[in-house]
Amino acid sequence: LEVSFLLDELERRNQSEWQERLNLQHVAMLGHSFGGYTALVVGGATADFANLHRHCDQDSFLANLDPALPFQCRALALESSPEIVQKLTQGLQDPRVSLVIAANPVSSTILGPQGLSKIQVPVVMIGSGYDVAAPFLPEQAYPFTWLTAPEKYLILVKGGSHIPQLTAAINRMLSPTISPEELAQDMKLLRGNAKAILLAFLEIYLNGRSEYQSYLQPFYLKTLTDPPFELSLIRS
């Protein structure tokens with residue numbers, strides 16, 4: 001709701017202060033971790049409390065494999081506020097959002113297959129091979145298969161983790177011969193390449209520039225990086 005409030009405020013100021021320079025009818029929503037959940041919901045996903053009960057009302061073995069599960073199970077406390085539950089299950093989509101980019105999202109149980117299938121705008125889901133907070137398989141790979149949006153992309157950052165500090169720590173542990181300076185340079189290169197890829201998505205889905213589609217090919221992403229940070233693009 002705060003995202004929609006912000007867009008409303010930008011629309012007001014766009015008319016009064018910025019001479020309509022902002023195109024607020026085609027907006028990209030980008031979020032990381034819990035922000036990835038927010039981006040998916042603003043893009044059309046809905047909460048599935050029945051799915052939460054299925055996974056949270058038991059001493060689930062999955063909890064040991066997915067550290068993100070207990071955080072999502074905390075949403076069951078909202079059931080004491082029927083109004084909030086109703087809003088989340090009916091949906092909080094903002095029609096101005098034309099593209100969703102969810103990086104390392106925490107969403108598999110609170111949204112589930114039913115909730116994620118509601119999104120019909122283009123979706124870019126990003127996961128990291130060494131993510132210990134929102135692991136790739138349960139939190140991005142499976143959820144990607146539940147998306148029914150006609151345009152969907154899954155990007156795997158091999159060698160990446162949930163946040164830069166963890167990425168650096170894990171790679172130093174796994175590759176003790178790499179110097180801190182080399183690792184910092186590799187991570188800087190990764191960030192630059194990630195920005196370039198996201199720019200291509202923005203040009204295509206916000207500005208309608210189809211010529212950028214050539215940059216969104218699996219082979220192109222593979223050529224951008226070297227170990228330890230390799231990028232893979234998955235479409236189906």
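The radius of gyration is taken here over C-alpha atoms, and the globule rule is 2.2 Å times the number of residues to the power 0.38. For the 236 residues of this chain, that rule puts a compact globule near 18 Å. The chain has 19 Å, so the value agrees with a compact globule. The model is a predicted one.

The C-alpha atoms fill a box of roughly 55 × 55 × 30 Å along the principal axes. The chain holds 11 helices and five strands. Buried residues make up 46% of the chain. Contacts with a separation of 6 or more were also examined; residues 24 or more positions apart account for 74% of them. The accessible surface comes to about 12500 Å². Carbon and sulfur atoms contribute 59% of that surface. Charged side chains number 17 positive and 23 negative. The centres of these two sets lie 4 Å apart.

The largest nonpolar core contains 34 residues. Within this core, L40, L111 and I119 touch the most other members. Several elements give two or more residues to the core. The helices among them are helix 2 (34-42), helix 3 (49-56), helix 5 (68-73), helix 6 (82-90) and helix 8 (136-146). Strand 2 (97-103), strand 3 and strand 4 (152-158) do likewise. Helix 2 provides the largest share, five residues. A second core is separate and has 25 residues. Its members include M187, L190, Y205 and F229.

The contacts of I119 reach several parts of the sequence. With neighbours within four places left aside, I119 is in contact with L40, G43, G44 and A45. On the same terms, I119 also meets L147, T148 and A149. L40, like I119, is one of the core residues that touch the most other members.

V121 was examined next. This residue lies in the loop between helix 7 (112-116) and strand 3 (123-128). The relative accessible area of V121 is 14%. Buried means under 20%, so V121 counts as buried. Residues up to four places away in sequence are again not counted in its contacts. On that basis, V121 touches G43, V97, S98, V100, A149 and E151. G43 and A149 also appear among the contacts of I119. V121 and T148 are 27 residues apart in sequence. In space, their C-alpha atoms are 9.5 Å apart. T148 is itself in contact with I119.

Terms used. Residues are numbered from 1 along each chain as its sequence is written. This is a predicted model: local features need pLDDT of at least 70, side-chain atom pairs count only at pLDDT 80 or more; totals for chains, interfaces and linings use all residues. Side-chain values use heavy atoms; hydrogens and water are left out. Helices (H or I, at least four residues) and strands (E, at least two) are DSSP runs, numbered from the N terminus. Buried means under 20% relative accessible area, exposed over 50%, partly exposed in between (1.4 Å probe, protein chains only). Contact means heavy atoms within 4.5 Å. A nonpolar core is a set of buried Ala, Val, Leu, Ile, Met, Phe, Trp, Tyr and Cys residues joined through side-chain atoms within 4.5 Å. Accessible areas come from the Shrake-Rupley method with a 1.4 Å probe; for residues, only the protein chains shown count as cover. Lys and Arg count as positive and Asp and Glu as negative; His and the chain ends are not counted. The place of a charge is taken as NZ of Lys, CZ of Arg, CG of Asp or CD of Glu.
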